[in-house]
Every structure is written in C-alpha cells, then in structure tokens.
Amino acid sequence: MVNKEIKRSVAVTLMLLVGSIVLMSLFLPNKGNDELPSYELGKPWMHPMLTAKISIGIPRTDSELKHTADSLKANMGRYYHVDYGTARSQVGALTRALNARADVKPMVRQRLIAAVSKAYTDGIVDDATYQNISSGKMPNLLILNDNNIATTTATDAMRSVRDAYMSIYNTLSDADSHEAMARVALNSYLVPNLNYDSVETNRKYNEEFSMRTAPTGTLQPGQSIIYPGTIVDEHKFALLNAYGDALKNGKDTQVKETNYALPGNVVLVAAMMVVFYLFMRLVRPRTFADTRRMTFLISLITSFVVLSFLVAKFRSNYLYVMPFALMPIVVTTFTDTRIGFFTHLVTMFICSLAIPDRQAEFLFMQFLAGSIAIASMKGLLRRSQLVQCAFFIFAAYSAAFCALCMARNDMASVGDWHFFLYFAINSVVLSFAYTVIFLEEKLFGFTSSLTLVELSDSNSPALRMLSERCPGTFQHSFQVANLATEVAHRIGANMQQVRAGALYHDIGKTQNPAFFTENQMSVNPHIGLSPVQSAEIVIAHVSSGLKLAVQYDLPQVIKDAIAQHHGKGRARYFYTMACKEAPDGKVDPAPFTYPGPNPQSKETAILMMCDACEAAAKSLAEPNEKNITAIVNKVIDSQVAEGLLSEAPISFRDIGIAKRTIVEMLRTLYHPRISYPDDVKPVVPEATADDTPLPNE
C-alpha cells in the first residue's frame with residue numbers, strides 16, 4: 001500500500017513537472033535572431049559586438065529626417081488642376097442671364113462677359129490659397145495639364161472669388177456696369193477654377209522625400225554594427241532601429257530558418273526543472289513524497305516564470321518591479337531554508353532567459369535579494385519582520401545596482417532614478433507578503449509560523465476551554481510545551497510547531513477531566529472500573545481531541561500532534577494491572593493500545609518524549625538529578641525499543657540531545673528548595689510604669 005502511494009505521488013509530480021515545462025515554454029520569449037537586446041539613445045552598448053547578418057541600407061538620423069521634412073514643407077510647391085469646364089459653364093450661364101435682361105445695354109453686357117472670362121483666365125483660387133499668395137508664401141503655383149505635367153505659373157494675377165469680383169467692380173467703374181452686376185448677381189457666377197490636388201502633391205512630396213532621405217550607404221553581412229562600450233549616438237541608434245526592423249520583418253529568409261532560440265530555451269527550462277526534481281527527490285524525499293507540497297512548489301515556480309516572461313515582453317526593465325524575494329519567503333515559511341533557497345535559484349535561472357542581454361546582472365541581484373530574504377525571514381513570527389526585510393532588500397538592490405554600473409563604467413545609469421523607483425515599488429509590494437502567505441495557507445492547507453504563534457495564545461477559544469475544564473492538564477500542557485520548545489531549538493526542529501502542538505495535544509481530556517490524575521482532587525473515578533474500561537476512557541482522549549480539533553478548525557499540524565503524541569504505545573499502567581489480575585498473566589494488548597499513528601515528524605517525536613518524561617517526573621518521590629536522569633532514560637529508551645520513534649526523521653544524536661535537554665529542564669523545574677524554620681515568637685517584656693513607647697513603633 002505504501003509503495004502504491006509513493007508511486008502515485010511520483011507519477012503526479014512528474015505530470016506536474018511536464019505540465020509546468022510546457023506552460024513556461026508557451027510563454028517563453030523568443031529572443032533569437034529576430035530581436036536585438038535592449039539599448040538606449042545616449043547610453044553605452046552593454047552587450048557583445050553586434051555583427052550584421054543581413055544587408056540593409058544605412059539610414060539617416062531622426063534629426064536629418066525632420067530637417068528634410070520641414071524643408072520640403074516650406075519650399076515645395078503645391079499642385080493644382082485648371083477646371084476649364086467650370087469656367088465655360090459659369091461664363092455661359094452669365095451670358096444667358098445678361099441676354100435675358102432687356103434693361104442691360106449690349107456694350108455693358110459685352111464688357112461684363114469679357115471681365116469674367118479674363119478672371120477665369122487669370123485664375124480664381126480658394127480663400128486659403130489666396131491668403132498664402134497675398135502674403136508672399138506662394139509666388140508660383142504648379143499647374144498640371146491634361147498629361148499631368150506641371151507648369152510653374154506666377155500667382156500675380158490670381159484672385160479669390162471676392163477679390164475677383166472687386167477687381168471687376170473697380171475696372172468697370174461706370175454706373176451702368178455696376179447696375180448690371182447687381183441685377184444679375186455677378187458674384188454667383190464666380191467660383192474657383194484652380195483646384196488643389198492633394199493626392200498629386202503628397203505623391204510628389206513622398207517621391208522627393210524618399211529621394212532626399214535615401215540610405216547613405218549599405219551595411220553588408222559580416223560588418224560590425226557597434227562595439228561594446230560604444231555610446232549609442234543618433235547615427236548608431238538609427239542604424240540599430242533599422243537593423244532590428246529588418247530582422248523582425250524577415251527580410252532575409254535565411255535568418256528565420258536558423259533561429260534556434262526557442263528550442264534552446266525550452267531545453268534550458270526543462271533542464272532546470274529536472275534539476276529541481278532531482279534535488280527534491282534526493283535531498284528532501286519526505287517533501288518530494290508529499291503531493292500537496294510538490295504541487296505548491298511547482299505551481300509557484302511556474303507562476304513566477306510565466307509572469308516574468310509576460311512582463312519582459314512588455315519591457316525588460318520592469319522585471320525589477322517584481323518581488324522575486326517573495327518566493328524564498330513563502331517557500332521557507334512552509335518548508336525549510338534549503339528548499340526555499342534552491343527553489344529561488346531555479347526560478348531565477350529560468351526567469352533570466354527573459355533578458356539574455358543582462359543575465360549576469362539579473363542573477364547577481366536576485367541571488368543577493370533571495371539570500372537576504374531567507375536570512376531576515378527565518379522563523380517568521382512578527383509582521384514587522386516583513387517591513388525590515390523589505391528595507392534590507394531595497395538597500396541591497398540599490399547597492400548592487402550602483403556597484404554593477406560602476407564595474408562596467410556606466411555612471412549615467414546610476415543617475416537614472418527610474419531604477420530606484422522600481423526597487424522601491426518592489427520593496428513595498430514585498431512588505432505585503434503576509435497576504436500571500438495567508439492565501440497559500442488557505443489554498444494548500446499549510447500552516448505558517450505566524451498562525452502557530454496566534455494559536456499559542458492562551459486566550460484562544462480551545463485553550464481557554466482547556467484551562468477552565470482541566471486546569472491540571474492545562475498546566476501539564478504548558479510544562480510540556482516549554483520542554484518541547486527547548487528540545488526543538490537544540491536539535492533544529494520547528495519550535496513554533498512543537499509549542500503549539502504541545503499546548504493542544506491533550507484537549508481531548510476535557511471530555512472526562514476527572515479520569516486523569518493531574519485533574520483529580522480527592523476521588524479517583526477509576527476505582528470500581530476494570531483496567532479495560534479505564535484504558536478505554538484514557539485512550540479516548542485522542543479521538544476526542546481530534547473531534548475538538550475539527551470543531552475549533554485547528555490546522556493539520558495540531559491534529560497530527562494530538563493523534564501522534566502517544567503513537568501506538570500502550571496505556572501501560574492499566575495494561576500492567578490487567579496482567580496482574582489475569583490468572584495466567586496473559587492479556588490481549590489491543591484494548592490498551594493507542595490508535596496512533598506513531599510520530600511521523602521530528603516535531604511530534606519531540607512531543608512524545610517530552611509528554612511522557614514530564615508525566616513520569618511528577619511521579620518521583622525525590623525528583624533529584626539522579627532520579628530524573630534515570631526516569632528520562634528509561635522512558636525514552638522504552639519508546640525507542642518499542643519502535644515508537646522509528647517512523648520519524650529523528651536521529652540517535654537528536655534523541656541524545658533531547659534526553660540531556662529534558663533532564664536539564666526538569667532538574668531546574670524540580671530543584672530542591674531550602675526548608676524555612678518555624679517563625680520564632682518574640683519575647684515581649686512586661687510593661688512597667690516607666691515603659692513609654694517610642695514614636696512611630
């Protein structure tokens with residue numbers, strides 16, 4: 001059955017591993033031959049020498065392009081078409097209108113028709129064009145003929161509709177002409193016959209612009225584009241932009257065919273995840289066998305990597321905003337420092353694929369931040385630790401960034417406040433890590449040290465109930481908690497888990513308090529009961545404790561402490577009584593055996609040893625050092641001999657340290673005290689007439 005569980009756990013872990021590799025690879029940025037590393041105008045090129053793989057024209061700079069565009073807009077003429085049909089139709093309409101009026105003299109009629117015809121011959125333009133002509137900005141217009149050939153024409157005689165009317169009005173100054181102009185509404189027959197051709201003007205502009213901004217030369221494959229440390233000036237910036245665009249657009253099909261970045265990155269991701277798999281299997285086999293914890297670790301790595309790749313696709317500098325130090329904090333909180341540190345390293349190596357041009361810088365800074373996070377957050381007990389950790393990481397990021405800039409002689413980047421803003425945002429987000437820890441607790445059913453500290457508060461509902469119903473058991477639990485915490489400290493176990501487990505391990509005794517010696521006053525309720533009945537009541541405190549743990553919503557580590565603090569040991573006192581009462585001395589041990597299981601962790605093994613030793617020490621008539629040492633050795637040796645500690649990851653060295661620590665603590669607890677002599681009654685002399693009390697006596 002155990003082998004089947006292990007095989008199932010390994011199979012699930014492998015499927016998670018493969019799934020994470022596939023998911024991360026889908027989001028993997030393909031920074032191969034079709035993308036350039038990051039660069040900025042006015043800053044040094046901080047990458048290896050860049051050599052051209054394709055041929056491109058050497059472009060002009062942005063300032064040169066802007067100057068050319070401004071010059072063309074200022075000096076280039078605009079193209080117009082002559083609308084002969086409009087002129088003919090308007091002159092014809094005017095002629096018919098004049099002929100229809102008998103009150104207009106024939107000579108006046110001829111002068112008006114001739115004046116309008118001349119206005120159309122000189123050219124009538126729109127108001128905007130005439131404004132440019134009158135201001136001197138357009139001394140000439142480019143007039144297109146039917147063959148689309150432009151002729152430069154002076155604009156001296158050209159008028160707008162209003163000015164053409166006024167010119168006719170002033171030229172024909174006699175009263176008859178003015179009266180005829182009013183009768184036929186001459187202004188209605190004047191419309192622009194020179195129309196602006198925007199399509200042809202833009203085409204000519206683009207042709208001229210393209211000709212004037214043609215590449216100054218050709219960059220051939222194999223030629224160097226830029227060397228390390230070279231300042232990216234305007235010319236280099238334009239060349240890099242053009243080269244990058246050429247690569248992205250796939251102007252050279254051979255470049256696309258030789259892009260091996262994607263499969264190479266996939267292999268690197270798979271290699272790092274396999275290394276993580278082997279580390280967990282060889283160094284932390286118990287955690288590896290825990291499907292829930294492996295799911296947590298793999299999903300956390302995948303989430304950080306996918307988010308990093310998405311951020312890097314937008315802008316690689318924004319990776320410094322991401323609180324990567326959050327990973328070792330969360331992992332260490334629920335596992336241990338080794339797993340936290342190694343998980344952080346694996347994640348950072350994969351994330352560095354998102355910025356291949358600055359991998360060394362990224363890895364150095366994240367390695368430093370992760371190490372500081374683990375060192376400052378080990379044994380997370382207070383929320384203030386998160387704020388301190390955030391400050392330390394901000395200082396580490398800033399110092400490392402400045403040092404790296406100085407090492408590559410890039411002092412300009414030191415003055416770039418954006419990076420320090422990124423570090424500050426990173427630290428602020430990191431200070432809210434407790435929220436992430438809380439969510440992970442609820443999602444995966446883990447228990448953090450902060451939760452254990454809260455559970456250890458004697459004002460918690462379950463402990464208040466224990467102190468009210470079983471004051472003796474409550475004191476016993478606190479004594480065991482103090483013993484177990486000190487032992488855990490000395491052998492490197494989880495002190496908060498041991499302490500919380502010790503405080504709650506006997507809450508099941510609240511169902512029948514009087515049947516346990518520490519709560520008995522004068523009457524022993526076991527009198528009159530058979531050993532089997534008494535053992536059944538005593539052993540039931542384990543199952544009762546588990547029910548109360550569910551009722552009070554206590555975490556799994558507390559339930560494990562309740563279930564495993566006796567393991568599969570026996571209620572020895574009642575078993576011995578039953579053997580004495582049996583005629584042949586043979587008794588079935590099953591009714592006297594606790595349900596177990598035996599301790600499965602170092603913490604529950606410590607609790608078992610301390611619980612039994614503390615109870616045994618109370619039974620000593622003379623609790624001196626010799627007797628305490630003897631009883632502690634006897635109790636723990638019997639637990640080892642019965643195999644109660646064989647399933648826990650605890651060594652003989654740890655057991656030896658536990659023995660010495662328990663003896664030392666119990667000896668201090670039960671140290672002999674001096675006997676105070678009876679009070680001596682003072683001799684009061686008989687009062688006389690001369691005896692006068694002194695003042696204030």
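**Exercise 1. State the volume of the second largest cavity and class its lining.**

The second largest cavity has a volume of about 30 Å³. A cavity here is a set of points, on a 1 Å grid over the protein atoms alone, where a 1.4 Å probe fits but cannot get out; lining residues have an atom within 4 Å of a point. Volume is the space filled by probe spheres set on the points, which are joined across faces, edges and corners. The model is predicted: local features need pLDDT of at least 70 and side-chain atom pairs pLDDT 80 or more, while totals for chains, interfaces and linings use all residues. Numbering runs from 1 along each chain as its sequence is written, and side-chain values use heavy atoms, without hydrogens and water.

Step 1. The lining includes Lys 509, Phe 516 and His 541.

Step 2. By class, three lining residues are nonpolar, five polar and one charged. Nonpolar covers Ala, Val, Leu, Ile, Met, Phe, Trp, Tyr, Cys and Pro; charged covers Asp, Glu, Lys and Arg; the others, Gly among them, are polar.

**Exercise 2. Find which helix supplies the largest share of the lining of the largest cavity.**

Step 1. About 50 Å³ of space lies in this cavity.

Step 2. α24 (495-504), α26 (556-564) and α28 (602-618) each supply at least two lining residues. Helices are DSSP runs (H or I, at least four residues), numbered from the N terminus.

Step 3. The largest share, four residues, comes from α24.

**Exercise 3. Locate the buried residues of α3.**

Step 1. Among the buried residues (under 20% relative accessible area, 1.4 Å probe, protein chains only) are Gln 90, Val 91 and Leu 94.

Step 2. Seen down the axis of α3, its buried residues fall within an arc of 125°, so they line one face. The arc is that of the directions from the helix axis to the C-beta atoms.

Terms used: Buried < 20%, exposed > 50% of the residue type's maximum accessible area, 1.4 Å probe, protein only. 1 Å grid on protein atoms, 1.4 Å probe; cavity = no way out; pocket = protein on both sides within 12 Å on 5 of 7 lines; lining within 4 Å.
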